[in-house]
Amino acid sequence: MPIATREQYLAMLDGASAGGYALAAINVTSSETLNGAMRGFAEAGADGIVQVTTGAARFASGAAVDDMALGARALAEYAHVLAEHYPVAIALHTDHAPPEAFDDFVRPLVEESARRVGAGREPLFQSHMFDGSTLPLDENLRTAAALERELAPLGLVLEVEAGVVGGEEDGVVGPHAGRDELYTTPADLLLVADALGTGEHGRYLLAATVGNVHGVYAPGQVRLRPEILAAGQHALSTARPGSRFQYVFHGSSGTTEADLRAAIRHGVVKVNVDTDAQYAFTRAVADHVLTNYDGVLRVDGAVGRKAAYDPRAWGRRAETALAGRVAEAAHQFGSAARSVLS
Ligand SMILES: [Zn+2]
């Protein structure tokens, strides 16, 4: 199927919300990782999201071009061409854009989507994150509210963050695991609903932090409190009967099944998977190189083996391993075999 239409994307999010499951959102950096992610969704019969960070997009553009908006656009175009051949719905999203990167990273992509929508086509990306977690909350929400109203006429979904995700991703470093500022409060979550509404101004996803951190920590380092998400839902449905937040879970790698299941039960509809996907991909490459070192290398005057150092030899294994990890995530999050297309 082509990349999810705006309508299908909302059906994916609302289906997850109503069905008590979550969509896997896989961070990709290249055509290989993108292929692996899409293949994983297909293997699980799951709809899913592929997303790029600023650094991934810059990497995808190639060092000589070194332009994050162009890299993101190139990967998205690639996805649009190939997604047609997959039997599940796949949506495209841009991950963390801090205020100082938003104009360079997201604006050109929104402009491209506006051109497409103006011509009667679907947008390039279906959603974009504005990460204002470095700003005071009121300024974060003021900016987010303006963006929400700007994206709504194009049918684009905005992801916002209340609180701050710890750990390190793509050079962006948050507080260490266990710190107080990693826990959002229900009062803060209600402020999000005050600023962004509950659908009347546009659609948004809310990255509410419950102690989650990017990256993988040693067991016991990360103390998650998914009950904060439940408290937020309770506060919202009291203030605005019938309303429910659609939460995003950042930093899922290394999280226990029980914590993940609780978070999804409390309304997480999108779970980001970056670190574990990176590891699955690279683990397969390392295995190939270490077990075929005298083929991938020209050792002691020998010529190596072309079949071993051909990038497809290790690239295919890496794609397969990543696809497997993505399918596993879809099963864990409950989105397997629940495509909106079936
Ligand atoms: Zn994140």
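How much area does the chain expose, and what share of it do carbon and sulfur atoms supply?

1. In this predicted model, the chain exposes about 14,500 Å², of which carbon and sulfur atoms supply 55%. Buried residues, for their part, make up 53% of the 342 residues in the chain.

2. On overall dimensions, the C-alpha atoms fill a box of roughly 75 × 50 × 40 Å when this is taken along the principal axes. The radius of gyration of the chain is 20 Å, which agrees with the value near 20 Å that a compact globule of 342 residues would have.

3. The chain contains 14 helices and 11 strands. Among contacts between residues at least 6 apart in sequence, 73% join residues that are at least 24 apart.

4. The zinc ion is coordinated by three histidine nitrogens, namely NE2 of His96, NE2 of His214 and ND1 of His250, at 2.0 to 2.1 Å, and along the chain these donors follow the spacing H-x117-H-x35-H. Because His96 sits in the loop between strand S3 (90-94) and helix H5 (99-105), while His250 sits in the loop between strand S10 (247-249) and helix H10 (257-265), this pair ties together parts of the chain that are 154 residues apart in sequence.

5. As for the surroundings of these two ligands, His96 counts as buried because its relative accessibility is 10%, under the 20% cut-off, and His250 likewise counts as buried, at 2% relative accessibility.

6. Concerning charge, the chain carries 28 positive and 42 negative charges, and the mean positions of the two sets are 5 Å apart.

How values were computed
Residues numbered from 1 in each chain as written. Predicted model: local features only at pLDDT ≥ 70, side-chain atom pairs only at ≥ 80, totals over all residues. Heavy atoms only, no water. Donors = N, O, S within 2.8 Å, 3.2 Å for Na, K, Ca; no water. Helix = DSSP H or I, 4+ residues; strand = E, 2+ residues; numbered from the N terminus. Buried < 20%, exposed > 50% of the residue type's maximum accessible area, 1.4 Å probe, protein only. Rg over C-alpha atoms; globule rule 2.2 N^0.38 Å. Contact = heavy atoms within 4.5 Å. Areas by Shrake-Rupley, 256 points an atom, 1.4 Å probe, with all protein chains shown as cover. Lys, Arg positive; Asp, Glu negative; His and termini not counted. Charge placed at Lys NZ, Arg CZ, Asp CG, Glu CD.
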